[in-house]
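Morning, everyone. I have one structure to go through today, and I will keep to what can be read from the coordinates. Please have a look at it before I start.

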Amino acid sequence: MRSGQFVAVAAAYDDMTATLVRDYLREHGIGAAFPPVTYLYAPLMTRIWVHADDEQEALHLLQELQTEWQVV
């Protein structure tokens, strides 16, 4: 999903997971963020956004994170 110069590289069903993913990307030099979410009826997925220039590096880091979480 794209919005201007930003692209959503991940989505999470809860704010804790979204925060962990965002912080992992930030620790590796990617300026990741997710906007505050207001739930009207049911929780929606929280998307983690990065600048389009960082998309490929962010996706690579997310693959590493996925591998790391599967080992634990």
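Leaving aside its neighbours within four places in sequence, which residues is Ala8 in contact with? The answer is Met1, Arg47, Ile48 and Trp49. Ala8 sits in strand β2, and Ala8 counts as buried because its relative accessible area is 17%, under the 20% limit. One further distance from this residue: the C-alpha atoms of Ala8 and Phe34 are separated by 9.0 Å, and the two are 26 residues apart along the chain.

Before going further, a word on what kind of model this is. It is a predicted model. The mean pLDDT of the protein chain is 86, and 86% of its residues reach 70 or more. By element, confidence is highest in α1, at a mean of 93, and lowest in strand β1, residues 2-3, at 83. As a general caution, where pLDDT is low, the predicted coordinates should not be read in detail.

Now the overall layout. The protein chain has three strands and two helices. Starting at the N terminus, the order is β-β-α-β-α. Of the contacts with a separation of 6 or more, 67% are between residues 24 or more positions apart. The chain has 72 residues, and 31% of them are buried.

Next, the inside. The largest nonpolar core has 17 residues. Which of them have the most contacts inside it? They are Val9, Val21, Leu25, Ile48, Val50 and Leu62. The elements giving two or more residues to this core are β2 (6-12), α1 (15-27), β3 (46-51) and α2. In soluble globular proteins, nonpolar side chains tend to be buried together.

Take Leu25 as an example from that list. Not counting neighbours within four places in sequence, Leu25 is in contact with Val9, Ile48, Val50 and Leu62, among others. Its other partners are Ile30, Ala32, Ala58 and Leu61.

Then there is an arginine to look at. Arg22 is in helix α1. Is Arg22 buried or exposed? Arg22 is buried, since its relative accessible area is 17% and the cut-off is 20%. Beyond four places in sequence, Arg22 touches Ala32, Ala33, Phe34 and Ile48. Ile48 therefore appears in three of the contact lists I have read out, those of Ala8, Leu25 and Arg22.

That brings me to charge pairs. Side chains of opposite charge can pair when their charged atoms come close. How many salt bridges does the structure hold? There are two. In one, the side chains of Arg22 and Asp23 meet, at 3.0 Å from N to O. Asp23 counts as partly exposed, at 27% relative accessibility, while Arg22, as I said, is buried.

The other salt bridge is between Arg2 and Glu55, with the closest N and O atoms 2.8 Å apart. This pair links distant parts of the chain, with Arg2 in strand β1 and Glu55 in helix α2, 53 residues apart. Arg2 counts as exposed, at 53% relative accessibility, whereas Glu55 counts as buried, at 17%. Recall that strand β1 is where confidence is lowest by element, at a mean of 83.

Staying at that end, Gly4 lies in the loop between β1 and β2. Gly4 is exposed, with a relative accessible area of 75%. From Gly4 to His51 the C-alpha distance is 9.2 Å, and 47 residues separate the two in sequence.

Last, the outside. The protein chain exposes about 5100 Å², and carbon and sulfur atoms supply 56% of that. Which residues make the nonpolar surface patch of about 340 Å²? They are Met16, Leu20 and Trp69. Trp69 is in helix α2, residues 55-71. Trp69 counts as partly exposed because its relative accessible area, 42%, falls between the 20% and 50% limits.

To go back over the main points: a core of 17 residues, two salt bridges, and a nonpolar patch made by Met16, Leu20 and Trp69. That is what I had to show.

Conventions: Residues are numbered from 1 along each chain as its sequence is written. This is a predicted model: local features need pLDDT of at least 70, side-chain atom pairs count only at pLDDT 80 or more; totals for chains, interfaces and linings use all residues. Side-chain values use heavy atoms; hydrogens and water are left out. Helices (H or I, at least four residues) and strands (E, at least two) are DSSP runs, numbered from the N terminus. Buried means under 20% relative accessible area, exposed over 50%, partly exposed in between (1.4 Å probe, protein chains only). Contact means heavy atoms within 4.5 Å. Accessible areas come from the Shrake-Rupley method with a 1.4 Å probe; for residues, only the protein chains shown count as cover. Patches are made of residues with over 30% relative accessible area and no salt bridge: like charges are joined within 9 Å, nonpolar side chains (Val, Leu, Ile, Met, Phe, Trp, Tyr) within 5 Å. A salt bridge is a side-chain nitrogen of Lys or Arg within 4 Å of a carboxyl oxygen of Asp or Glu. A nonpolar core is a set of buried Ala, Val, Leu, Ile, Met, Phe, Trp, Tyr and Cys residues joined through side-chain atoms within 4.5 Å. pLDDT is the predictor's confidence in each residue, from 0 to 100.
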